[in-house]
Amino acid sequence: MNSLIIASRELRSLFLSPLAWTMLGVTQLILAYMFLTQVDYYLTIQPKLVGIPNAPGITDLVIAPLFANAAVILLLITPLLTMRVISDERRNKTISLLFSAPISISEIVLGKFLAIFSFLLIVLFSIALMPLSLLTIGELDLGKFSACLLALALLMAAFNALGLYMSSIASQPTVAAVGSFGALLLLWIIDWAGSNSGNSSNLLEYISIMRHFENLLRGLIHSTDIIYFVLFIAGFLILSIRRLDNDRLQK
Amino acid sequence: MSALIEVNNLTRKFGGHCAVDNVSFSLDKGEVLGFLGPNGAGKSTTMKMICGNLTPTIGEIKINGYDMIEQPKLAKAELGFLPEIPPLYPDLTVDEFLNYCAKLHGLKKPAIKQAVSHGKGKCGLTDMGKRLIGNLSKGYQQRVGIAQAILHNPSVIVLDEPTVGLDPIQMLEIRQLIRELGEQHSVILSTHILPEVQQSCSRVQIIHHGKLVLNESVEGLSYRMTSSSLLARFNQPADVGELEGLAHVNAIESLEANHFRIHHQQGTSIAEEVAEMAINKKWGLLELTPEKHDLEQIFLSMTQDSNTHE
């Protein structure tokens with residue numbers, strides 16, 4: 001309940017700044033362009049696919065790549081969204097309003113998380129509209145499509161949690177943005193080591209966000225991947241709570 | 001009646017530096033406590049601890065009987081806090097901000113509207129509801145900060161330098177407001193402005209280098225101020241009755257054995273008579289010091305005495 005109050009205030013402030021609108025616009029524009037090229041590509045190879053048994057359908061060839069591209073764009077924009085949520089409050093000393101109100105630290109962190117997550121869900125919704133428009137001319141594999149939606153929602157939450165943590169440790173928003181971008185990119189590519197020679201480490205593969213995300217995109221809803229994301233999100237939220245709690249203990 | 005605020009042995013260390021050192025006090029309903037001290041004395045740190053913004057290294061804080069560490073939610077519900085820098089969101093309007101604060105403090109829907117209009121009325125913000133906080137002047141922002149602190153009708157109000165940045169008329173209004181608030185709530189206020197304390201507070205505490213060096217009611221303080229006094233120490237036991245018999249003596253306070261504070265009427269000097277009497281009666285006069293008699297002097301003596309101790 002208290003978290004929702006904080007979340008709605010945060011979301012409101014977000015939409016009062018041009019940042020949120022710019023992000024929605026830019027994301028939509030780029031993804032729409034990618035979606036169109038993907039549809040175009042599908043139309044050129046469609047005649048060849050007819051002859052192949054068990055050929056990949058439009059869901060595999062258009063929607064999955066679209067969501068994979070969306071993930072890369074999210075990698076760029078989520079740090080910008082999360083960078084100021086806690087560090088700005090700390091810089092402007094508005095955090096003391098929350099500290100002296102009858103609210104627990106977990107509710108504060110959860111509220112901040114929900115605010116950014118609701119914004120990201122709006123992004124997800126506008127991305128989902130593009131594949132849904134295909135329903136007017138054909139059929140989609142709705143199972144795979146929902147797996148893609150789930151994958152992107154989990155990815156958003158994970159990026160959000162990490163960005164929130166970075167914002168809670170950084171004293172300046174830009175530092176938080178650079179920190180979370182770096183951390184996310186590293187987690188994205190961490191399984192590259194040894195993957196070409198075929199002797200990649202299992203641990204690095206497990207840590208990599210991309211592995212789990214790609215499994216889900218393919219329509220494979222595996223509990224390992226879901227647990228990975230849940231642990232990731234919960235872990236960084238708990239770390240943020242601890243960090244914010246530390247503000248009151250400082251030195 | 002139980003105290004609304006109880007602070008016991010409060011200590012706060014930042015690294016090796018001790019910002020607040022073993023401070024204890026309590027405050028009843030209807031009292032306005034003025035917190036005085038030079039810069040960096042530990043006023044803000046103490047206030048932040050009372051409001052749960054900082055955890056004390058040692059010590060306990062009870063707000064209306066609720067422990068700040070053990071039951072923070074219950075304790076904080078009784079609390080309104082205006083920090084040194086008012087915690088305002090510049091991109092919200094005054095109404096939006098106050099609504100948000102009311103919700104944070106758990107007010108219910110019907111109560112919110114009333115609380116917000118009441119708070120605005122008290123702080124002279126009635127016409128400012130639709131204005132963006134970021135566009136308001138410093139004085140009005142300060143008022144929004146105060147409105148935020150009194151919005152949910154807390155039993156304890158803590159104001160850290162509430163009159164900073166206000167013009168003299170606003171300052172008078174705020175002091176008036178603080179006096180009004182003091183009738184129904186407990187108020188702690190910190191300030192650098194000494195006359196403000198005399199005008200709005202019922203009790204004064206001076207904090208210096210983290211230690212509480214004075215804790216006195218305003219009556220006691222004004223007694224110190226209007227009737228000047230002498231500190232006298234004798235070697236032999238002195239007869240209080242005979243000292244009281246001297247002209248212009250108002251009262252005699254025994255401090256320790258053979259150590260007295262002699263209050264006398266302002267503008268008269270009785271040092272000579274006391275000395276004469278001491279010599280005649282062979283009390284063995286050891287010390288005879290006239291005491292300072294104005295808040296500024298009290299403040300300076302309190303804060304400089306401790307400097308020389310270091």
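Strand E3 (residues 32-36) and strand E9 (residues 203-208) of chain B run parallel and pair over four bridges. Within this pairing, Phe35(B) sits opposite Gln205(B) of E9(B). Note that the model is a predicted one.

**The sheet**

E3 and E9 belong to an open sheet of six strands in chain B. The order is E6-E7-E8-E3-E9-E10, and the pairing is mixed. Strand E6 (79-82) and strand E10 (211-217) of chain B form the edges. Each has a single partner strand, so one side of each has no neighbour in the sheet. From one strand to the next, the twist averages 15°.

**Helices on the sheet**

Two helices of chain B can be set side by side.

| Helix | Strands touched or crossed | Angle |
|---|---|---|
| H1(B), residues 43-50 | E3, E7 (156-160), E8 (186-190) and E9 of chain B | about 150° with E7(B) |
| H5(B), residues 138-150 | E6 and E7 of chain B | about 165° to E6(B) |

H1 packs on the sheet. H5 lies across its two strands.

**Where chain B meets chain A**

How many residues does each chain bring to the contact? Chain B gives 24 residues and chain A gives 17 residues. On the chain B side, the elements that give two or more residues are helix H2 (72-77), E6 and helix H3 (94-104). H3(B) gives the most, with four residues. By class, this side of chain B has 14 nonpolar, six polar and four charged residues. Strand E6 of chain B thus appears in two places: at an edge of the sheet and on the side that touches chain A.

Technical notes
Residues numbered from 1 in each chain as written. Chains lettered and ligands numbered in written order. Predicted model: local features only at pLDDT ≥ 70, side-chain atom pairs only at ≥ 80, totals over all residues. Pairing = 2+ DSSP bridges. Axes fitted to C-alpha atoms, helices over the stretch in contact; angles between N-to-C directions. Contact = placed C-beta atoms within 7 Å. Nonpolar A, V, L, I, M, F, W, Y, C, P; charged D, E, K, R; others polar.
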